[in-house]
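Here is a short report for a reader new to this structure. Look at the sequence and the model first, then read on.

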Protein chains: 2
Amino acid sequence: MQHEFFIPTHIYFGGGCLEKLGEIKLPGKKAMIVITPDAWIVDNGHLARLQRLLAKGGAESVVYNKVHPNPGKRQVEEAALLCRQENCDFVLGFGGGSSIDSAKSIALLAANGGDFWDYIATGSGAGKPIAQKPLPVIAVPTTAGTGTEADPWVVVTKEETNEKVGFGAPEMFPVVSFVDPELMVSVPPRLTAFQGFDALFHAMEGYIATVATPISDVFALRSISLLGQNLVRVVQNGADLQAREAVALASTCSGVVESLSNCTSNHSIAQAMGAYHDNLPHGAALLMIANEYFSSFVDVIPERYARMAQALTGDPTATADRLLPTLYEMEKACGVEALRMSDYGIGPEELEVFCTNALEIAGELFEIEPRPITRERVMEILQRSYR
Amino acid sequence: MQHEFFIPTHIYFGGGCLEKLGEIKLPGKKAMIVITPDAWIVDNGHLARLQRLLAKGGAESVVYNKVHPNPGKRQVEEAALLCRQENCDFVLGFGGGSSIDSAKSIALLAANGGDFWDYIATGSGAGKPIAQKPLPVIAVPTTAGTGTEADPWVVVTKEETNEKVGFGAPEMFPVVSFVDPELMVSVPPRLTAFQGFDALFHAMEGYIATVATPISDVFALRSISLLGQNLVRVVQNGADLQAREAVALASTCSGVVESLSNCTSNHSIAQAMGAYHDNLPHGAALLMIANEYFSSFVDVIPERYARMAQALTGDPTATADRLLPTLYEMEKACGVEALRMSDYGIGPEELEVFCTNALEIAGELFEIEPRPITRERVMEILQRSYR
């Protein structure tokens, strides 16, 4: 079997590791710091700290603080323009997936110019090759879920056409990431759960995908095991720094899985839901459909399900049929086992729209599953998951 | 706990993957191909194939074919000079650790000039900083053992002073490696065993080292498990391509362990033996002392020994005391359980010399062990291992 390993990002882990930002050789002299407008970033001193650490490394900085929860094409283009005008030579994303994905997108567009959708490879994107190397990106995640600190992917939305797409290229890995659990301590329980399950699904999807590799498998099982032991703990006590650290490591391991293997159509469907409902957190969308989705393959690849069950439970004798009940128990312990689409304003008449969108915008994820998921099965997953 | 992940090498795995060399974007226009003078490289068409694949990617090449089994300072300096004269802009190492370590050393010296020992950080080395980025290196291992395709290390010998040192810097990772088990099929059983146990000891040492990280642990256990299942198979039947592939993957995983964690004094001692006995294969030196060496810590870190035993046996209930007997059984099955130092011309009077050399040349590896290994204990290891 042929496969590849390529994770060029230098990743620092551990409580307080962000201080290393002031000690490393920075990839340039002027940074664009990319953040959301949330007041806590300024109020808690995070922005001043980033500026101080960059200055210590000899870099000045400008701030772009208009990132949305689901980063949009328009913001990316606005920020890339500012990045060029200000002659920034690298981009630092601080925050959740939205900030870091925006930083990666801005770095690409600032170096290459044009309309961001020129480069998008799916949907209405023009799939233009990336001619210029993107600006270097430093990633500082403050949530544990997306794995974007260890992958070349961004998820960006084109509002006009309801396209929420995943996109990436080998040049788009961050050059350096700081996975510092101290930055994650204040994430509230519900968001911690949404993000943690996102990380879990990255690992599980990457493990069942037909493009899984012997090395992605190792990271996937490690991530599943870390989350099985620590996610409930950290949702129940956000100040548990050891559990925060383990969940953060799991999220990064899952990012590696996304880089070496791939997400599957669980993500296509959840992203379709998010494309029409800006207020629906990505992890919540996944949780709404995951139990039904993962029931699709248990009889096709029972050994893989057994190994996931063993990792999740910590019991080396666990069999395939333990996986879904254990997942459900974890969801229950985190209080996210019965999320309702209707609570986010989703009506049953929208399910067909999600289905079409998932197949059109992220159809390639349907091609790497252990058993083909048909349009009928997507509808079944959505209908059985609808509450 | 703070730790880092950094493995920037793009690694291709699998039977036939070397063909990808003709498809990737090469890191330059003119390669120096670094090989040993062994006739099989030319006779079996390997050199012509490398030249053809490089030409396909638009690169011409010159050949340096004077690499020794234990690469020496003089050859590195001679080849680096040729590399500069020929204006090569990247270096391709094809062969065992000696060829690839030479390629990495040549790439450093061709870019920076001077005496190679200027840059060596230990022993009589001057420890000069690396001012210029080394030339890019492509690694094509034809043996499974050193892990050099996934680490920034070289082992080079200064003949005059009997210094066999490990040396490296983050800039010295290969940019691309091709781990193609088809290139390893003709390695004879005895060398396959020596190399495979080298890989196993990289994983075991990196797992017991106090600088082990949560990610190096994952790679170490995976490597130990792959070797436990496949090394005896491939020693007994070298044509078993599936087992070759698994052992090759293990070797690379162990290279990752060497990069993220470190070897321990098992390597210091074996390298001291090799420094005085050019004819002693590195893996054989390790095998001569390993059983005694690894008995040093079983009572200090029993959980880690148990986990290694579980990985090596495949039995999730194995306890710490299973590790050393299982290791010995594997050695026996491979016919390498009773290697004799005297067969390689080592006299008992040399043990003191090895001891001094190990502590002087690679003393830092004694500082990362679960229990301090004193000079007396090194002598004890050597004396009890002497046959």
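How many residue pairs are in polar contact across the interface of chain A and chain B? The rule finds twelve such pairs, both residues at pLDDT 80 or more. Confidence values apply here since this is a predicted model.

## The interface

Chain A puts 26 residues into the contact, and chain B puts in 26 residues. About 2400 Å² is buried between the two chains. Carbon and sulfur atoms give 60% of that area. On the side of chain A, the most area is lost by A:Gln2, A:Phe5 and A:Phe13. Together these three make up 25% of what that side buries.

What about charge pairs? Across the interface of chain A and chain B, the rule finds zero salt bridges. The polar contacts there number twelve residue pairs.

## What chain A brings

Three elements of chain A give two or more residues each to the side that touches chain B. They are β1 (3-13), α6 (214-236) and α7 (241-260). The largest share comes from β1(A), with eleven residues. By residue type, this side of chain A divides into 15 nonpolar, seven polar and four charged.

## Strand to strand

β1(A) also pairs across the interface. Seven bridges join β1(A) to strand β1 (residues 3-13) of chain B. The two strands run antiparallel. One place to look is A:His3, which stands opposite B:Phe13 in β1(B).

## Symmetry

Two copies of a chain are related by a rotation about an axis and a shift along it. Here, chain A superposes on chain B after a rotation of 180 degrees, with 0.0 Å of shift along the axis. The RMSD is 0.0 Å. The two copies are thus related as by a two-fold rotation axis.

Which residue of chain A comes closest to the rotation axis? A:Pro8 does, with its C-alpha at 2.0 Å. The contact surfaces fit this picture. Of the interface residues of chain A, 100% are also interface residues in chain B, so the copies meet through the same surface.

## Salt bridges in the model

Side chains of opposite charge can pair when their charged atoms come close. Over all chains, the count comes to 36 salt bridges. One of these joins the side chains of A:Glu292 and A:Arg377, at 3.1 Å from N to O.

This pair links distant parts of the chain, 85 residues apart. A:Glu292 lies in helix α9 (residues 282-294) of chain A. A:Arg377 lies in helix α13 (residues 375-385) of chain A.

Note on methods. Residues numbered from 1 in each chain as written. Chains lettered and ligands numbered in written order. Predicted model: local features only at pLDDT ≥ 70, side-chain atom pairs only at ≥ 80, totals over all residues. Heavy atoms only, no water. Contact = heavy atoms within 4.5 Å. Buried area = accessible area lost by both parts, 1.4 Å probe. Salt bridge = Lys/Arg side-chain N within 4 Å of Asp/Glu carboxyl O. Polar contact = N/O pair within 3.5 Å; in protein donor to acceptor, adjacent residues only side chain to side chain. Helix = DSSP H or I, 4+ residues; strand = E, 2+ residues; numbered from the N terminus. Nonpolar A, V, L, I, M, F, W, Y, C, P; charged D, E, K, R; others polar. Pairing = 2+ DSSP bridges. Least-squares fit on C-alpha atoms with pLDDT ≥ 70 in both.
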